[in-house]
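This report looks at open pockets. Keep the structure in view while reading.

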Amino acid sequence: MSSPINPQPVPGSSTGELPAFVSNGVVGLRVRSDPLVSGACLVSSYAGEHPEKRIEAAALAPYPLACQVGLDNVWSLDESARVEVEDQSYDFATGELSSRAIFDNGGKRVRLETVTFCSRNHPSLACQEVVLTVDSACDLGVRAMIDGRNVGGRLARWDRATPGEAEPACDGYMLWDSEGVTGTCGLAYVTELVGEQLEPSRPAARNRTMWSEYRFRARAGRKYRLRQIVSLVPGLMHRRPDEEAARLAAKARSDGFDRIRAENRAEWNELWKGRIVLVGADTRWQALADASFFYMNTSAHASSLASTSMFGLATWWDYHYYYGHVMWDLEAFVVPALSVMQPHAARGLLDYRSRHLEAARTNARIWGRRGLQFPWESAPATGEETAPLPGTGAWHADHVTLAVARAFAVHSFLTGDPRFLKNKAWPVLSGVAEWLESRLKRTPRGVEYPASMGVAERPEPADNAAYPNMAAKVALGYAVSVAERLGEAASPKWSALARDLVLPVKGKVVIAHDGYTPSEEKGATPDPLMGVFPLDYRLEPEIEAATLKFWLDLADEYVGAPMLSPLYGAWAARAGDRRLALRLLDEGYGKFFSGRFLQPLEYRPDKHPEQPRAGPFFANMGGFLASLLFGFPGIEPGLGEPASWCRRPVVLPQGWEAIEVERLWVHGRPTRLSAHHGAERAVLELGDLV
């Protein structure tokens, strides 16, 4: 297994850039370049009332790994201008972020070397080690702090003692209520100072903070290590989450920092066996593939209760506009790639939908329909519709339901898990097919999908938008074929609806919707091409070729926008144009990277300078990774054996020789992917069952 390419270390502070993102898919941190200034923290499923929109939204939790340093009783909290940031570096191979800074007090200096990570093996834990070295003898103080000063909600209760025990099991624990008291989060922490034998002082929690403080006489040149381990437990995971966090923090103290760190590194070593190697591509593309793989996998975990959001568990002060809601992009772009890289995490995303099937059923009833209609913006804690009022996005953009159905089907195909197919996928597929019975309309023209919204979100809906119509036909086909596989009764209406469902076609080109004109608002949005890939909708060869040409000719008017831009490379390769594939892959994804540590942004900054630099953006990463794993290799997962999925010749961007992956997961087996340009078919080599 080859090692990933790490991003370049960044000198100085992060003024004007997104801070580093450190996560394990349950806890997500924005870590500033200055390790002595608190960042931001999200915890999966911890939600509150948004202070402006008054809707359920992901809520910021207290920052768990805050740290303050005192030099001869002058504290960095009060003298932030005395802190000089040296640099920050990210090791993608281990998920560890390193930060270096110097705190200067009148010529006496303490150097801080900080390592921060979130444990994948113990997903409630955020961990940090701060190595302190002074250049001359001094009185040194250091505080390990949980900092809630810059977040909403309130400190509901806290304690230092362990009831019934002489000694405390941890340094302290607290319960935090979110805004509107709609969610709770428990936090508990343990600390250790290596290099000096003493116990910290633990004052009462105050000013929305709790800390442990070590004070001692430091010797010049000697290294002192402050270790912080914090457990964060959302209320949906436990009815008394502060007490459960205290149990987990006590267990972490028993395990020790070194063991937790080693286990996290071993877990990342396993994940990187799925590294996507781009043979023949220049180093830049390999670095972007490694960054995309890293951010996708660091943001998803089997233990997540609330799927993940458009930015994973990343947020920052200048972008809140998706509110941590669960949206269709995750199922459409993320689940297929994640199902072969980290199938248990993909299952975690889908389990969120399974737990909230009744909310989807109720949502259909609200709209006067049957079956399952998944919310356009799904609340992380309840699974209910929570689009900002007046909810215009939820009025017509119901193709989220079709994306969810496909994600369940494709995950079933890729994992080959018969229990998941029967117990999880079938209830969704049959419920969505029932919903389509009530959503579609039979007319003299055939079966139509009225008043819907495609990928292009416009003020007014359209009849027979291409992507929803194509996705509806695919979903009905899945329902029929899975029913046959399981021996379940499929409604005879499903096959008839799929057979007669119309497509908006002009000449030999699939257009965006009935009455489409290229000059309309967002007229270059290539909805029909998303049907071609990743949806794998089967078109007649001459219609597919004409449709690809029409929309690729409009590419320059669209690339730079979110979601579909990263797919252009795969579409151009499907049309047989390698040169165009490489150019559009760069225009549609390569130029979305900006700032620290190769975070792929939502909007391309040079084309949309008015947009905040928000990332890492899941839909863009998912589209790129799906192109590498399925689009360029010509792989279409289905109910058959994996060898039958390799359906088309391999066409790669110009200069690329092959896409190779040492270990994907297919049908529960470690599987090697080899896709060489010009090969008649890609090769999936399945290993032994694990």
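What volume does the largest pocket have? The largest pocket has a volume of about 1000 Å³. The model is predicted.

**Largest pocket**

The lining of the largest pocket is made of 46 residues. Nearest its centre lie Tyr322, Val455, Glu457, Lys522 and Tyr603. Three elements give two or more residues to this lining: α4 (328–341), α7 (392–396) and α14 (555–558). The largest share comes from α7, with four residues.

**Second largest pocket**

The second largest pocket holds about 680 Å³ of space. It is lined by 28 residues. Gln342, Pro343, His344, Trp665 and Gly668 are the closest to its centre. Two or more lining residues come from each of α2 (257–271), α4, α5 (343–355), α8 (400–415), α9 (418–439) and β23 (658–666). Here α5 gives the largest share, four residues.

Helix α4 is worth tracing in the viewer. It gives two or more residues to the lining of the largest pocket, and it does so for the second largest pocket too.

**Lining by class**

The table sets out the residue classes for each pocket.

| Pocket | Nonpolar | Polar | Charged |
|---|---|---|---|
| Largest pocket | 27 residues | nine residues | ten residues |
| Second largest pocket | eleven residues | ten residues | seven residues |

Which residues near the centre of the largest pocket are charged by class? Glu457 and Lys522 are among those nearest its centre, and Glu and Lys count as charged.

How values were computed. Residues numbered from 1 in each chain as written. Predicted model: local features only at pLDDT ≥ 70, side-chain atom pairs only at ≥ 80, totals over all residues. Heavy atoms only, no water. 1 Å grid on protein atoms, 1.4 Å probe; cavity = no way out; pocket = protein on both sides within 12 Å on 5 of 7 lines; lining within 4 Å. Points joined across faces, edges and corners; volume = space filled by probe spheres on them.
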